[in-house]
Amino acid sequence: FIRENALNSSSVSKIYGFSSRVCFTGIKGFVAFHTGCFLRQRKNLGFSLPNSLKLKQNHSSMEEEHSYVYSVWAIPPLDVKLRLKALMEKLRDEFGGPEFEPHVTVVGATRLTEKDAMAKLEACKELKPYKCRAIKVDKGSFFYQCVYLLLDPTPEMMEVNAHCIKHFGCSNATPYMPHLSLLYGDLTEEEKKKAQDKANSLDQGLCNLDFEVSSLALHKTDTEDKTLKSWEKVAEIPLRERE
């Protein structure tokens, strides 16, 4: 700004494409730049942005639609969920860890826009309900596979995984291992063994558990957030027999 509160027109035209001189009268406010957007204090500035710039801004905001980390979960029936939640709560009471819903991960953490994620989930509706059968309570080597119920990798389960990861445009970094987590945490090997034994003692029929999955759910699952406070269910779809 110069003393007469006029902005040099050549500078403006170079940046914003104005063809005429732009003047400000009685300016007490300011003009600022933030991420390529021209901000103004409407009360004090006597001009508006050109339509060409507004269109560019709108186009840019559409292109920059937010993406999130999503996972697809197979959901156990209500009676199984309640049984597992009671067990999981008792394990957390002793060993700590965040609360989460019982589920079998079908598609692991994948970054997408919500629109894309919803469209891909819809493409999985053609799947049939399928059976899950427990093998044993086991322990893993990282936070999200601390203590879990290992499931039988039947051809049916492997086909569901293959179908879903194809539609979601991702792949398994390691061979798919169907499981249902009982406890998340960074525990020592000794603590994990105690939690494993505790799970078996609290529910002695756990290794004979079998259930049918009749719905898939889309969840936001930012794996950087170990509190799981940002995790949330976005949608759930039923699986149904093909006609």
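Leaving out neighbours up to four places away in sequence, K192 has contacts with K139, G140, S141, C146, V147 and L187. This lysine sits in helix α6, in a model that is predicted. Is K192 buried or exposed? With a relative accessibility of 5%, K192 counts as buried, because the cut-off for that class is under 20%.

Stepping back from that one lysine, the protein chain has 6 helices and 12 strands. The chain runs to 243 residues, and buried ones make up 41% of them. Contacts also reach a long way along the sequence: taking contacts between residues at least 6 apart, 72% join residues at least 24 apart.

Next comes the inside of the protein. In soluble globular proteins, nonpolar side chains tend to be buried together. Here, the largest nonpolar core holds 55 residues, and V106, Y130, L182 and L216 are the ones with the most contacts inside it. Which element gives this core its largest share? That is helix α3, which supplies 6 residues.

Helix α3 also pairs up with helix α6. Two packed helices are described by the angle between their axes and the distance between the axes. For α3 (residues 78-95) and α6 (residues 189-202), the axes come within 10 Å and cross at roughly 145°. As for its hand, this crossing is right-handed. On the α3 side, the residues that meet α6 are L87, K90, L91, E94 and F95, and their partners in α6 are E191, K194, A195, K198, A199 and L202. What kinds of residue make up this contact? Sorted by class, there are 6 nonpolar and 5 charged residues, with no polar ones.

One of the α6 residues in that contact, L202, is worth a closer look. L202 belongs to helix α6, and once neighbours within four places in sequence are set aside, its contacts are L87, K90 and L91. Those three are also among the α3 residues that meet α6. Along the sequence, L202 and K90 are 112 residues apart, yet their C-alpha atoms are 8.5 Å apart in space. Is L202 buried, exposed or something in between? Its relative accessible area is 34%, so L202 is partly exposed.

Just past α6, N208 is found in the loop between α6 and β10 (210-213). N208 has a relative accessible area of 63%, and it is exposed because that value is over 50%. How far is N208 from K136 in space? Their C-alpha atoms are separated by 8.3 Å, while their positions lie 72 residues apart along the chain.

Another loop residue tells a similar kind of story. E126 sits between α4 (114-122) and β7 (130-139). At 41% relative accessibility, E126 is classed as partly exposed. Its C-alpha atom is 6.8 Å from that of R240, and the two residues are 114 apart along the chain.

Towards the end of the chain, the loop between β11 (215-220) and β12 (232-238) contains L228. Most residues other than glycine have a negative phi, and most peptide bonds are trans. What is the phi of L228? It is near 65°, a positive value, in a residue that is not glycine. L228 has a relative accessible area of 7%, so it is buried.

The strand that follows this loop, β12, is home to K233. Not counting residues up to four places away in sequence, K233 touches A217, L218 and H219. K233 and K220 are 13 residues apart in sequence, and C-alpha to C-alpha they are 6.4 Å apart in space. K233 has a relative accessibility of 47%, so it counts as partly exposed.

Finally, there are the cysteines. How many disulfides turn up in a search of the whole structure? The search finds 0. C132, at 1% relative accessibility, is counted as buried. C207, on the other hand, is partly exposed, and its relative accessible area is 28%.

Note on methods: Residues are numbered from 1 along each chain as its sequence is written. This is a predicted model: local features need pLDDT of at least 70, side-chain atom pairs count only at pLDDT 80 or more; totals for chains, interfaces and linings use all residues. Side-chain values use heavy atoms; hydrogens and water are left out. Axes are lines fitted to C-alpha atoms, for helices over the stretch in contact, and angles run from 0 to 180 degrees between N-to-C directions. Helices (H or I, at least four residues) and strands (E, at least two) are DSSP runs, numbered from the N terminus. A crossing is left-handed if the near helix is turned anticlockwise from the far one by less than a right angle, and right-handed if clockwise. Contact means heavy atoms within 4.5 Å. Ala, Val, Leu, Ile, Met, Phe, Trp, Tyr, Cys and Pro count as nonpolar, Asp, Glu, Lys and Arg as charged, and the others, Gly among them, as polar. A disulfide is a pair of cysteine sulfur atoms within 2.5 Å. Buried means under 20% relative accessible area, exposed over 50%, partly exposed in between (1.4 Å probe, protein chains only). A nonpolar core is a set of buried Ala, Val, Leu, Ile, Met, Phe, Trp, Tyr and Cys residues joined through side-chain atoms within 4.5 Å.
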